[in-house]
Amino acid sequence: MFSYLTSQSQRFNIQLLQEAAYRELIQHLDRIEGSTVIALDEAMIGPFTLVTKPKLFAERAIRIVTLKPDLVFPKDIRNIVYILRPRVSIMDQLVGHVKCNGLVSGRQFHILFAPRRSCLCINQLQNKGVLNSFSRIDELSWSFLPLDADVVTMEIPNAYRDVSIDGDTSSLYQVAIGLVQLQRLYGRIPKIYGKGVQAQRVWNHAKNLGMEEKALYNGDKGAIDQLILLDRGIDLLSPLATQLTYEGLIDEFYGIRQNKLSLPAELFPSDKTSEGRRPDEYLPQTSEKKTILMHSGEQLYAELRNKNFNEVTKLLARKAREIHTQMHATSQDKTVQEIKSFVENILPQLMAQKKSTSEHTAIAGLIHEQVNATTFADDLAAEQDFMVCADIDKPSAFIEDKIARKADIRNVLRLICLQCAAASGLKDKLLIHYKREVAQVYGIEMLLTFSNLEMAGLLHPQTDSRAYAVLRKSLHLTVEDNVEVDPKDISYVHSFYAPLTARLVELSLKPLGWQTLKSQINNLHGPTFEDFQAQLIGIGGRQAGSMVSECSLLHVPRVVLVCFVGGCTFAEIAALRFLADQEDNNVEFLIATTKIINKNTFLDSLLSA
């Protein structure tokens, strides 16, 4: 259904996941008779676009709208289907909506909770006296949703906060269910490695769920060779660091939401295509915004997204020259037939490439203005000093100066947390100093924010292990002579810092890699574990591709599922894609995460009340 989900891998087809999710939705809708409207909770709009296209519902005469309190439907609509996240806060809005639209005789209401039913939500509807208004209350078991050919996401924005601050572990259970669903589609995963408390809890859940289903499936090895489960809590420096890849910078400055980027339309004056309206958009477009698709189906973006930004401008300039040369090539030596073929076949492609190049040149120009700002360079220099453990045991003059100037509190706290991560904790005296300085300038209520950060593990007393300082050297997390253009190491994604999570995956690919790593990463918080699902035990499943002999698979790249519990960044994804491109590794990655995060969204989820 979505061309950008097509993978070059002969063993792993992510479209199976998208098709399964779509098929489940259609099965629910087919049970409903009569004219139908789907009302989407705002939090479900993005996930919905990852599974379906509007035209598929237009063919069924089904309208799709966003759930709003004042939304009133025409009298000829017989069925209203609410597709919602299971949140109690939405139920009051739903109650008012049902009372407003329930006066029409014969009208029926239905709820599809995604990813599962909620007893709390149902009880709330019962307490408000509207539960009997619903003919059907069911669930869409959507766990991992396909974001790209090699990335799946659960679209749970606050998963890390839910567990670490609020004590809500439902997201861990949902990740486990997602792993079971992946094994139903792609077969049993024989080798499992992991690090971190929450990662182990996820696997324990998944293993128990799998054992319950072992009678339903055979024990054949599936398309995925091994699973690496990583708890976000083992590496809190990487999500706080500034990403320097093209995709990472776009996300940090402007936000990429479910493969879509929205920018002011006036930034693209040459575009006359209805302000960027795309045929697969659900939300109404306005003349003030342009929506640009950001996935591997866009050829130029696929080429640029994982590059360090310093390389992107050069690639765009070269691309523009190539297009100009091809479009203005002399036609004196060409026959009429050759000119006709050029106009019909090649020219439309060149025009599309020119439009794409123009769009990304405009986006790169916006980013160039941001990264050339003095404040950006100063912040980057400060965080890189922390990464090399420079003066991490005393108050940072740079942070103190930002506090004195009452700079953006989010950035101040980010730098304090970065210093804490690099120092493996702050000395009590230093932590009290920062608390006092921040509270005096920003208000006493900031102490509650510090409490949140402490519960989340971003601020804590210093330990004797000095885990980061040790690992920085033993795992080469910082590379001083790193090359940003045509790089040789994953550290290019932060210009000289390699994300710890990606480095662990890289080293695990080597012979006896995980066995060697176990002793090196014991000083990281949480258990280091491994498990093996033997044949005919646990979950089996069907092979994603054709059944082939083990001998014929000797030279086929192994498929490794890397699952981030608590979110991952585009920089970490770029680092894993870089590893997959190295022929020596002979590997393909499927990356699973609760949500794509960046330094801003990660901190925002922790700072909110």
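## A parallel sheet and an enclosed cavity

Threonine 36 has isoleucine 62, in strand 2, as its bridge partner. In this predicted model, that pair belongs to the contact between strand 1 (residues 36-40) and strand 2, which run parallel and are joined over 5 bridges.

The two strands are part of an open sheet of 5 strands, ordered 2-1-3-4-5, in which the pairing is parallel. Strand 2 (62-66) and strand 5 (134-139) are the edge strands; each has a single partner strand, so one side of each lacks a neighbour in the sheet. On average, neighbouring strands of this sheet are turned by 20° against each other, direction ignored.

Helix 2 (residues 42-49) lies across strand 1, strand 2 and strand 3 (79-84), and runs at about 110° to strand 1.

Turning to internal space, the structure holds 2 cavities of 30 Å³ or more. The second largest cavity has a volume of about 50 Å³. Its lining comprises 13 residues, of which Pro157, Ala159, Tyr160, Gly566 and Ile597 lie nearest the centre of the cavity. Helix 6 (159-164) and helix 22 (599-607) each contribute at least two residues to the lining of this second largest cavity. The lining of the second largest cavity divides by class as follows.

| Class of lining residue | Number in the second largest cavity |
|---|---|
| Nonpolar | 6 residues |
| Polar | 5 residues |
| Charged | 2 residues |

Terms used. Residues numbered from 1 in each chain as written. Predicted model: local features only at pLDDT ≥ 70, side-chain atom pairs only at ≥ 80, totals over all residues. Heavy atoms only, no water. Pairing = 2+ DSSP bridges. Helix = DSSP H or I, 4+ residues; strand = E, 2+ residues; numbered from the N terminus. Axes fitted to C-alpha atoms, helices over the stretch in contact; angles between N-to-C directions. Contact = heavy atoms within 4.5 Å. 1 Å grid on protein atoms, 1.4 Å probe; cavity = no way out; pocket = protein on both sides within 12 Å on 5 of 7 lines; lining within 4 Å. Points joined across faces, edges and corners; volume = space filled by probe spheres on them. Nonpolar A, V, L, I, M, F, W, Y, C, P; charged D, E, K, R; others polar.
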